[in-house]
Amino acid sequence: MNASTAAIAANAIGATRTTCAAFELRFEALYAGHRGYAFPCDAEGHVDMDALSERALQNYLYARAMMGREVAWPSVRPSLLH
């Protein structure tokens with residue numbers, strides 16, 4: 001597991017208060033040394049924003065705003081937590 005993948009996994013671990021999703025919406029960093037983001041979601045990529053912690057919600061909104069600038073368009077993948 002490289003540093004970027006580890007950062008994404010760490011963000012996913014702290015992303016929700018009580019849920020554990022089988023999928024995650026991943027925003028990979030476009031530039032080396034920058035961080036990516038991952039958020040629990042359903043199989044279609046829908047994130048329950050109400051279940052996110054305040055920090056995770058801020059990160060999610062930031063990642064959505066930075067698509068194509070700092071992070072790649074998101075992809076739905078099986079969760080790294082399972």
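The following paragraphs describe the fold, the strand pairing, the nonpolar core and the salt bridges of a predicted model.

The protein contains two helices and three strands, arranged along the sequence in the pattern α-β-β-α-β. Of its 82 residues, 35% are buried. The exposed surface amounts to about 4900 Å², of which carbon and sulfur atoms supply 55%. Among contacts with a separation of 6 or more, 64% are between residues 24 or more positions apart.

Strand 1 spans residues 23-27 and strand 2 spans residues 37-41. The two run antiparallel and are joined by five bridges. Within this pairing, Leu 25 stands opposite Phe 39 of strand 2. Strand 2 is largely enclosed by the rest of the structure, because five of its five residues are buried. In a regular strand, side chains alternate between the two faces of the sheet. In strand 2, Tyr 37, Phe 39 and Cys 41 point one way, whereas Ala 38 and Pro 40 point the other way. Residues of both sets are buried.

The largest nonpolar core comprises twelve residues: Leu 25, Phe 27, Tyr 37, Phe 39, Cys 41, Val 47, Leu 52, Ala 56, Tyr 60, Ala 63, Met 66 and Val 71. Strand 1, strand 2 and helix 2 (54-65) each supply at least two residues of this core. The three residues that point one way from strand 2, namely Tyr 37, Phe 39 and Cys 41, are members of the core. Leu 25 and Phe 39, which stand opposite each other in the strand pair, also belong to the core. Val 47 is another core member. Apart from neighbours within four places in sequence, Val 47 is in contact with Leu 25, Phe 39, Pro 40, Cys 41, Leu 52 and Tyr 60. Of these partners, Pro 40 points the other way from strand 2 relative to Phe 39 and Cys 41.

Three salt bridges are present in the structure. Side chains of opposite charge can pair when their charged atoms come close. Glu 24 pairs with Arg 26, with the closest N and O atoms 3.6 Å apart, and both residues are buried. Arg 26, which lies in strand 1, also forms a salt bridge with Glu 28 at an N to O distance of 3.0 Å. The side chains of Arg 26 and Glu 28 are likewise in polar contact, at 3.0 Å. Arg 26 has a relative accessible area of 7% and is therefore classed as buried, the cut-off being under 20%. Glu 28, at 23%, lies above that cut-off and is therefore classed as partly exposed.

A salt bridge also joins the side chains of Glu 28 and Arg 77, with an N to O distance of 3.5 Å. This pair links distant parts of the chain: Glu 28 lies in the loop between strand 1 and strand 2, Arg 77 lies in strand 3 (residues 75-78), and the two are 49 residues apart. Arg 77 is partly exposed, with a relative accessible area of 34%. Glu 24, Arg 26, Glu 28 and Arg 77 are thus linked in a network of salt bridges. Within this network, Glu 24 and Arg 26 are buried, whereas Glu 28 and Arg 77 are partly exposed.

Definitions and conventions: Residues numbered from 1 in each chain as written. Predicted model: local features only at pLDDT ≥ 70, side-chain atom pairs only at ≥ 80, totals over all residues. Heavy atoms only, no water. Core = buried A, V, L, I, M, F, W, Y, C linked by side-chain atoms within 4.5 Å. Buried < 20%, exposed > 50% of the residue type's maximum accessible area, 1.4 Å probe, protein only. Helix = DSSP H or I, 4+ residues; strand = E, 2+ residues; numbered from the N terminus. Contact = heavy atoms within 4.5 Å. Salt bridge = Lys/Arg side-chain N within 4 Å of Asp/Glu carboxyl O. Polar contact = N/O pair within 3.5 Å; in protein donor to acceptor, adjacent residues only side chain to side chain. Areas by Shrake-Rupley, 256 points an atom, 1.4 Å probe, with all protein chains shown as cover. Pairing = 2+ DSSP bridges.
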